[in-house]
Protein chains: 2
Amino acid sequence: MTRLTLAVDAMGGDFGPPVTVPAALQALASHSQLELLLVGYPDEIQPLLARADSSIHQRVTIIPAESVIASDAAPSGAIRHSQGSSMRIALELLKDGRASACISAGNTGALMGLATLLLRPTEGIRRPALVTVVPHIHRGHTVLLDLGANASADSTMLVQFALMGAVMAEEVLGIPAPRVALLNIGQEACKGPEHIRHAAVTLEQMDKLNYVGFLEGSELLTGKTDVLVCDGFAGNVSLKTMEGVIKTFLNLMTGTEQTTKRSWWRHLVVRSMKGRLMKRFGEIDPDQYNGASLLGLPGIVIKSHGAASERAFAVAIEHAIQAVVRNIPEKISVRLDTVLARSDIA
Amino acid sequence: MTRLTLAVDAMGGDFGPPVTVPAALQALASHSQLELLLVGYPDEIQPLLARADSSIHQRVTIIPAESVIASDAAPSGAIRHSQGSSMRIALELLKDGRASACISAGNTGALMGLATLLLRPTEGIRRPALVTVVPHIHRGHTVLLDLGANASADSTMLVQFALMGAVMAEEVLGIPAPRVALLNIGQEACKGPEHIRHAAVTLEQMDKLNYVGFLEGSELLTGKTDVLVCDGFAGNVSLKTMEGVIKTFLNLMTGTEQTTKRSWWRHLVVRSMKGRLMKRFGEIDPDQYNGASLLGLPGIVIKSHGAASERAFAVAIEHAIQAVVRNIPEKISVRLDTVLARSDIA
């Protein structure tokens, strides 16, 4: 890895510097070529750097901010008053080329709005989308988008999400001609809202895209598609439902109510089974798969869970590093140029 | 139970009479006061009744139909050409008072449209909603609606769904002053689309309703609410995602790939653990919790899964019997009269 500089909104998320700064130090310790610009209140960041040794310390720069966008602020107002905020400055560092990516655990709506305002969407993309990869039962992964950047999406946006998701599946998951499906409330062509059926018609006509049809929520983990496309409301509901069900199951399996009654051998088996499930789906644990990418911008913006732990925020930084190495924004842009030359999707 | 007559669309679903007729016989064997009107092609139904003994046989009437609405038909066209179809005749039997409820595993959109057209929504309700109950981790249940009858819902519809869901939680689950939440993509008041935030404001002002705020998809099984309200797209995605994840987990736990390696004691423990999970969440299995109610109509209409097995379809008939006994439509109507006297929600 050559020299790599990332901007971190150190104030974002439920915990701010006590989580983001130790996570930053973790990332710096793992990557000797990494430099981090920590944006926030110097008084809160500086003391947390004390324990770092000098080889790490010299790769950290504190960029002072004057304000913090609250996690529960309405995005429109937050954006209007964003001047001098840690999130905005982190994005400006990206825009000005001083950083190769920006990571924030702050207000999703504000991050989406500010990133769109400052960086401007890639040509051919109306609105960026939040994307992540979810493991499926056949030991592969599915690209899922949008996860909440756009509560609603018309057919044009769904088509654009599909194109971006396909590039992500090719580049990040290494799947040639990835299968792309639309999330719907029925598999038959006549099912669901008109804008989804309309997107399906457009996707079917694209010879550069391997569109496979509608899939229902029950297929999220079955590996029937490599890319699953929906609006941000449905994507958020589906992903969070999945997380909630998995958490419930893992808790039930090792539920405290049975601890006293459980014999040692039963305990061992439960632990081994939980291990097996965790191995396959543990990455769904927010501590391990944290970091959704905002696709459709000329720069790399990574959104961390607001409630991310130190370990989880370090995973989000790692995610940003991988995105820079793979240069996803550039590849999406090239792909769109190819498609735009053939049809009018924008 | 006094004499009870139900209309069954014997042709609906993926399998038609080979599933619906044996299921009907099962229900008749369990309930000696039950009478069923089986609507469909006599040639296909009659032979399947042969194995029934006379005490059951005399409680079955075949009502001939001339056509069947296909599961994959577009609802609007299907409704236009519905005259003489098994689904429409079954609903007409309900409308004319010859049956106390109607059960169909057919096309959801057509059933919703035809039921609304023939029965007319309850006063104060613009559109009926599909509802079910989902078990949660604290050994209780959550009422979830809409599940797909309305792909989108404005704030007025969400408020009406909330009122109907609350009546259902009181009457079916026996919960006094049930907690009601709106499904959203964030818990803070400023999060999510405008129509959901608007519904929240209306619900907060209703003193007869215990509105508790927004919940995310991750809370579906946590028991933080007794009623979870959303549009049919989000509800369908959430419910199906939950079903898919649970199915995946139960399969993983008893996955065939490990069978040969598994010792007898391990096998026993796995079976006992699967039993424990099934006991709590097995009712989520479509074979066991089948049968969503269409709420907001003066009559009882039960929608079965299209792919329902014989056992599952019998569960849907059972569901209809319980709904008749509890007289949910009348109770919703009375509740709406109370609320409508105080505010303008219609």
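Modeller: A helix here is a DSSP run of H or I with at least four residues, and helices are numbered from the N terminus. The model is predicted. With that, B:N327 can be placed: the loop between α12 (310-326) and α13 (328-340) of chain B holds this residue.

Colleague: Why is B:N327 called partly exposed?

Modeller: Its relative accessible area is 36%. Partly exposed covers the range between under 20%, which is buried, and over 50%, which is exposed. B:N327, at 36%, falls in between, so partly exposed is the right label.

Colleague: What makes the phi of B:N327 worth a remark?

Modeller: Phi of B:N327 is near 55°. That is a positive value, and the residue is not glycine.

Colleague: Why is A:A177 called exposed?

Modeller: A:A177 has a relative accessibility of 53%. Exposed means over 50%. The value passes the cut-off, so A:A177 counts as exposed. A:A177 sits in the loop between α7 and β7 (179-183) of chain A. Phi of A:A177 is positive too, near 45°, and this residue is not glycine.

Colleague: What makes the peptide bond from A:L145 to A:D146 cis?

Modeller: Omega of that bond is near 0°. A:D146 lies in the loop between β6 (141-145) and α7 (155-172) of chain A.

Colleague: What is omega for the cis peptide bond that joins B:L145 and B:D146?

Modeller: Omega is about -5° there. B:D146 belongs to the loop between β6 (141-145) and α7 (155-172) of chain B.

Colleague: Now the cavities. How many of 30 Å³ or more does the structure hold?

Modeller: There are 6. The largest has a volume of about 50 Å³. The second largest has about 40 Å³.

Colleague: How do you know which residues line the largest cavity?

Modeller: A lining residue has an atom within 4 Å of a cavity point. Among those lining the largest cavity are A:F233, B:L158, B:H195 and B:D231. In chain B, β7 (179-183) and α8 (194-204) each give two or more residues to this lining.

Colleague: What makes a residue in that lining charged, and how many are charged?

Modeller: Asp, Glu, Lys and Arg count as charged. B:D231 is on the list of lining residues. B:D231 is an Asp, so it counts as charged. The lining divides into 9 nonpolar, 1 polar and 1 charged.

Colleague: Which residues line the second largest cavity?

Modeller: A:H195, A:D231 and B:F233 are among them. Its lining residues split into 7 nonpolar, 1 polar and 1 charged. A:D231 is an Asp, so it counts as charged.

Note on methods: Residues are numbered from 1 along each chain as its sequence is written. Chains are lettered from A and ligands numbered from 1 in the order in which they are written. This is a predicted model: local features need pLDDT of at least 70, side-chain atom pairs count only at pLDDT 80 or more; totals for chains, interfaces and linings use all residues. Side-chain values use heavy atoms; hydrogens and water are left out. On a 1 Å grid over the protein atoms alone, a cavity is a set of points where a 1.4 Å probe fits but cannot get out, and a pocket is an open set with protein on both sides within 12 Å along at least five of seven lines; lining residues have an atom within 4 Å of a point. Grid points are joined across faces, edges and corners, and a volume is the space filled by probe spheres set on the points. Buried means under 20% relative accessible area, exposed over 50%, partly exposed in between (1.4 Å probe, protein chains only).
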